[in-house]
Amino acid sequence: MTTQIEKDPVVTVRDRGGSTRRPPHRARPVGTRGGPSGETRQVAWGRRTSLTLITVFALAPIYWMVLTSLRSGSEVFEFPPRLLPTGFDLSSYARVLGDGQIVHFLLNSVLVATVTAVGSVLVGMYCAYSFSKFRYRGRRSFMFLLLVSQLFPQILLLITIYGMFSAMGLLDSYLALIISFTTFTLPLCVWMMKGVFDNVPDEIIEAAKVDGAGQRVIIHRILMPLVAPGMIAAGLFAFIRGWNDFVYSLTLSGEATRTLPPGLVNTYLSEFSDRWPELMAASLVASLPVIVVFLALQRYFVAGLSSGAVKG
């Protein structure tokens, strides 16, 4: 079997004596691409195929949610299931949007997730600034404790937090949810923003001190505009954590303060009936605020992650 060879362009080299010579010929097989990577067409095809399969795997649950929300209750339990829609039934969306209780759960989620994100970012900003720009005894120990706190499963702390909030009279309140969510989002926010503060040159702070600026002016007027992308990225993580929580919201909240994830389950799933079309429709409606916030702040999110990951 003959292998087709693709020759490189002829290059002439002049040596010290003035004579010219041709460098040794190097051939490369057809099917390779130029460039430092030398990636073959087979490798490129395999990479694209893998990315396509991963994308299909990630989008398949979303497609099935949309498909289920557009079906009637009887069509959901058909076997074998149909992979393509036969019609569009929007009655599930009408019932979800017309249910005042679901709207109440949605507003609770917006309130709790927003306050959690703002509180985590504000407290985490001061902690990150302290860890990044100051040197004091116990600094590394505090940083290590924050990091180790993320190793424990969050469900292990539920009984302790429940007993503590019960003794303080905070059960069935927004404050119980906000404090518990902030407990888990704060360490991540601190470490994310510390990486951002590490990239801020110390000369900027020294120049501000020479001009007579105090720490309050340095943090709020000089550093905050510089680290704003990192703050937004940390805030998005905290917001999504507060928005998606199920177990803590189910345990610590009452009917008036319940957020959307446990509220949807308790409303549409029970022992004797499963209203899957309404549940899928409500889940899609609940995902819209997170998608809108992420798309609106996407460039800040990427910039914040990049500034915290690259040092220099």
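**Salt bridges and helix packing in the predicted model**

Lys133 and Asp202 are joined by a salt bridge in which the closest N and O atoms lie 2.9 Å apart. This contact links distant parts of the chain, since Lys133 belongs to helix H4 and Asp202 to helix H8 (residues 202–210), with the two positions 69 residues apart in sequence. The two partners fall on either side of the 20% limit below which a residue is termed buried. Lys133 counts as buried because its relative accessibility is 19%, whereas Asp202, at 44% relative accessibility, counts as partly exposed. The structure described here is a predicted model.

The count of salt bridges in the model comes to five. One of them is formed by Glu278 and Arg95, whose closest N and O atoms are 2.9 Å apart. This pair also links distant parts of the chain: Glu278 is in helix H13 (residues 276–296) and Arg95 is in helix H3 (residues 91–97), at a sequence separation of 183 residues. The acidic partner, Glu278, has a relative accessibility of 9% and therefore counts as buried. Arg95, by contrast, is partly exposed, with a relative accessible area of 42%.

Helices H13 and H3 were considered further through Val285, which is placed in helix H13. The C-alpha atoms of Val285 and Tyr93 are 8.5 Å apart in space, although the two residues are 192 residues apart in sequence. Val285 has a relative accessibility of 22% and so counts as partly exposed.

A further salt bridge is formed by Asp198 and Lys194, again with 2.9 Å between the closest N and O atoms. Both residues lie in helix H7 and, because they are four residues apart, they are separated by about one helical turn. Asp198 is partly exposed, with a relative accessible area of 24%, while Lys194 is buried, with a relative accessible area of 11%.

The packing of helix H7 was examined next. Two packed helices are described by the angle between their axes and the distance between the axes. Helix H7 (residues 174–198) packs with helix H4 (residues 100–133) at an angle of about 40°, and the axes of the two helices are 6 Å apart. Angles from 35 to 65 degrees fall in the oblique class, so H4 is oblique to H7. In this arrangement, H4 passes H7 in a right-handed crossing.

Helix H7 also has a described crossing with helix H10, the axes coming within 9 Å and crossing at roughly 160°. Because angles over 145 degrees count as roughly antiparallel, H7 and H10 are assigned to that class. The crossing in which H7 passes H10 is right-handed.

At the surface, a nonpolar patch of about 480 Å² is made by Ile155, Leu156, Leu157, Phe246, Val247 and Leu250. Among these residues, Phe246 is placed in the loop between helix H10 (228–244) and helix H11 (247–252). With a relative accessibility of 32%, Phe246 counts as partly exposed. This value meets the requirement of over 30% relative accessible area for residues that make up a patch.

Methods:
Residues numbered from 1 in each chain as written. Predicted model: local features only at pLDDT ≥ 70, side-chain atom pairs only at ≥ 80, totals over all residues. Heavy atoms only, no water. Patch = residues over 30% accessible without salt bridge, like charges linked within 9 Å, V, L, I, M, F, W, Y side chains within 5 Å. Areas by Shrake-Rupley, 256 points an atom, 1.4 Å probe, with all protein chains shown as cover. Salt bridge = Lys/Arg side-chain N within 4 Å of Asp/Glu carboxyl O. Buried < 20%, exposed > 50% of the residue type's maximum accessible area, 1.4 Å probe, protein only. Axes fitted to C-alpha atoms, helices over the stretch in contact; angles between N-to-C directions. Parallel < 35°, antiparallel > 145°, perpendicular 65-115°, else oblique. Left-handed = near helix turned anticlockwise from the far one by under 90°.
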